[in-house]
Amino acid sequence: MSNGQQAQTVRITVLAANSLVKREVFSLPDPFAVVSVDADQTYTTNPVKKSLSPTWNQHFDITVRPSSTIIIQIFDQKRFRKRDQGFLGLVELTGQEAIEHTANSYRLITHDLRQSSTGTSVYGKMLFSFSLPPSTNTPSDAERSNLSSSVSSNRSLRPRQSTPMLRPESSTRVPTLPRVPSLGPLNRRGSTSNSESRTSSDTATTRTRAPIGIAREPSLAGQSTTSTVDDEDEAPLPRGWERRLDERSGRVYYVDHNRRMTTWVQPAATPSVRAPSISVPQPQVQNPTRSSGGYADVPLPAGFEERRTPEGRPYFVDHHTRLTTWIDPRAVQVTSSAISASMSANASMGPLPSGWEMRLTSTGRVYFVDHNTRTTTWDDPRLPSNLDSNAPQYKRDYRRKVIYFRSQPAMNLKEGKCELKLRRSRVLDDSFAAVMRMSGNELKKRLVIKFEGEDGLDYGGVSREWFFLVSHEIFDPSYGLFQYSAHDNYTLQMNWMSGINPEHLMYFKFIGRCLGLAIFHRRFLDAYFVPSFYKIILGKKSTLADLEGVDADLHRSLVWMLENDITNVLDETFTTTEDRFGEIVEVELKPGGANTPVTEDNKKEYVEAVVEYRTKTRVREQSQAFMHGFQEIIPQDLIELFDERELELLIGGMSEIDTDDWIQYTDYRGYEKTDKVIEWFWQCIRSWPPERKSRLLQFATGTSRVPVNGFKDLQGSDGPRRFTIDKSGDPSQLPRSHTCFNRIELPPYEDYESLEKKLTYAIEETEGFGVE
């Protein structure tokens, strides 16, 4: 066998992986790594429980030749016995690459995980390193020639440059930095102690060249210019000290193994028995408090020391691993703390959407990678997107408040599931029974809706439809709980005569819970209310303008009263009359109001009293029951962040559908934007009235409402997910939808008429969910 194919033993350290693929929606994998060499050597790491970024830090000694093939595979322990389900990615290297990496011992290697022959989708990175095993750290002359010839015969491997990683490599290769050399024997008389034999071993393993620009210091390696002084005729040294000779200058210096320091000054003698020890000489040690970079106030980690080259460039010595580096270890600490702080700050918002990954730049700034579109962004995909520069100010304020609101601990999902089993034909009755038998904390678990007789799985779409259906039921004026406002038959207000239903207060508590659930689970209700209703939730005082939505005629009368002199014109007292099912009842607006006339001087007080009574007082029982249910889900101090206009957007979203915005933020699968079927689809949508557009949106996404920032903020089962048109099905079939993923499956229809007819039939005449 030629020297080029001679087997060599190297050590591979499987460090970690990050951003592994998440194959299950509700659980994380238990990843472990398998290292195989030419299919005849196999080593397995321990599994790491429930992690997408596992850390193993396990090493294996493997025998390789330049022609060998080394494969590192990652599997999910829970699923790897199931075909094609437990595989999480692999990295493949040649033996020649391993030998080259071994020459650059201890250097961190990062490779992108790739697919197997099955084509299963994977992503993430694998981190590992190569080095010589401790027992072979002193290569023979033949091994050294093999290693150097192998490296020189092959071109250097260049790390693939990409977007910054969680631990990014510098674009300029960091030189292989010297390990701090070990001491030789303490004296020439020899010793058989374990520490001395360990010293001689370490001496052989740490002979490396200093980085360019670093002055060579008195070295302790065997081939260095420093030797141990035979001190038989010298005065005894204190315990832990050693006398050495710098052969370049012939000058004696002293090593303090206790503090790992060197000095030219002979220490005072103390009676003690000297013992051999491993140590590091450190002449001309820089002041450890003097720092390079921006970490002057951050102490170095234990075991680290800062030194400087003659040119003044700082480098750092790690006495634990006997290595040196240009990288300030405090920068790594700051980066790690930034990761921890960022993770803890964002943990309350739940996991990232499928295909997304959080990383840090070299400066510690968090950014996000979308592996689906191969793009990066500074914006957290779990939060509302950035607004355009010309967006109105109220949208900017609203976005900031929503980010803060959703990041609060009280808005975190509880562990477990809140499952509601309902009949579509009795959705209000079943919903009332299911919601009211649970506590507020149980309702804060992940909401799962199951309709009887339907196989659909709820990954968000079914629950969105439930909110849509239940809001149509509970706000239906025929139930007597709400009535239309004075403006139109669309905006709602509490019905002050709801007491005709003896259980009306329980239903108002149920409505409060439903509205709180919609906000907590980031869903929309298909309803809008008068401003005074939102002010009841916020605990704000109503104004005269709010009365217009409750009673437009009374509002006009009170406006006239304020704008004109009513002396000898009106004969009113601080009372108001009501028609209670045919009975006219007079109600005092304040104690003794029937005997208090309204005058020019007190008319403002009268107007305020009328507004307060008509917007709040006469619906006090209903509003108290409603708020009781609402506050079981949403804390009052958090909801008060918003004003009434922002609360309206938080509850109901935007009802107006901008077709151009819809088109702009639509993805296509199997189709191109210029395909005839797509052009017919958007032509059809543009020709429809707003009501039918809303119905199509509800058919495809589960809700007829659009987020404040438009279609780019549509929510899917695991975060933001765009509206998608998928080419699927036969032209004879109707379109289908996947509301959890905001996707509509549109067959390739042959003409515009067929598309419009089948699309209209699908959204108007179908209901229910199934499983494919």
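Contact means heavy atoms within 4.5 Å. The structure is a predicted model, in which local features need pLDDT of at least 70, side-chain atom pairs count only at pLDDT 80 or more, and totals for chains, interfaces and linings use all residues. Residues are numbered from 1 along each chain as its sequence is written, and side-chain values use heavy atoms, with hydrogens and water left out.

**Exercise 1. Describe the burial of helix α6 and name the elements its buried residues pack against.**

Step 1. Helices (H or I, at least four residues) and strands (E, at least two) are DSSP runs, numbered from the N terminus. Helix α6 covers residues 427-436.

Step 2. Buried means under 20% relative accessible area, exposed over 50%, and partly exposed in between (1.4 Å probe, protein chains only). Eight of the ten residues of α6 are buried, and the helix is mostly covered. The buried residues are Val-427, Leu-428, Asp-430, Ser-431, Phe-432, Ala-434, Val-435 and Met-436.

Step 3. These buried residues pack against β19 (414-422), α7 (440-443), β20 (445-451), α8 (461-474) and α9.

**Exercise 2. Characterise the packing of α9 with α14.**

Step 1. Axes are lines fitted to C-alpha atoms, for helices over the stretch in contact, and angles run from 0 to 180 degrees between N-to-C directions. The axes of α9 (residues 504-520) and α14 (residues 620-631) come within 6 Å and cross at roughly 40 degrees. Therefore α9 is oblique to α14; angles under 35 degrees count as roughly parallel, over 145 as roughly antiparallel, 65 to 115 as roughly perpendicular and the rest as oblique.

Step 2. The crossing of α9 and α14 is right-handed. A crossing is left-handed if the near helix is turned anticlockwise from the far one by less than a right angle, and right-handed if clockwise.

Step 3. On the α9 side the contact includes Phe-508, Ile-511, Leu-515 and Ile-519, and on the α14 side Ala-625, Phe-626 and Phe-630 are among the residues met. The residues of this contact divide into eight nonpolar, six polar and three charged. Ala, Val, Leu, Ile, Met, Phe, Trp, Tyr, Cys and Pro count as nonpolar, Asp, Glu, Lys and Arg as charged, and the others, Gly among them, as polar.

**Exercise 3. Do the same for α12 with α13.**

Step 1. The axes of α12 (residues 552-563) and α13 (residues 603-615) come within 10 Å and cross at roughly 165 degrees. So α12 is roughly antiparallel to α13.

Step 2. This crossing, of α12 and α13, is left-handed.

Step 3. Leu-554, Leu-558, Met-561 and Leu-562 of α12 meet Lys-603, Lys-604, Tyr-606, Val-607, Val-610 and Arg-614 of α13. The contact divides into seven nonpolar, no polar and three charged residues.

**Exercise 4. Place Glu-242, Asn-57 and Arg-522 and state how accessible they are.**

Step 1. Glu-242 is in strand β10 (residues 241-246) and is buried, with a relative accessible area of 1%. Its side chain joins that of Arg-244 in a polar contact of 2.5 Å. A polar contact is a pair of N or O atoms within 3.5 Å; within protein, one must be able to donate a hydrogen and the other to accept it, and residues adjacent in sequence count only if both atoms are side-chain atoms.

Step 2. Asn-57 lies in strand β4 (residues 55-64). Asn-57 is not a glycine, yet has a positive phi of about 55 degrees, and counts as exposed at 52% relative accessibility.

Step 3. Arg-522 sits in the loop between α9 and β23 (528-529). Its phi is positive, near 60 degrees, and Arg-522 is partly exposed, with a relative accessible area of 25%.
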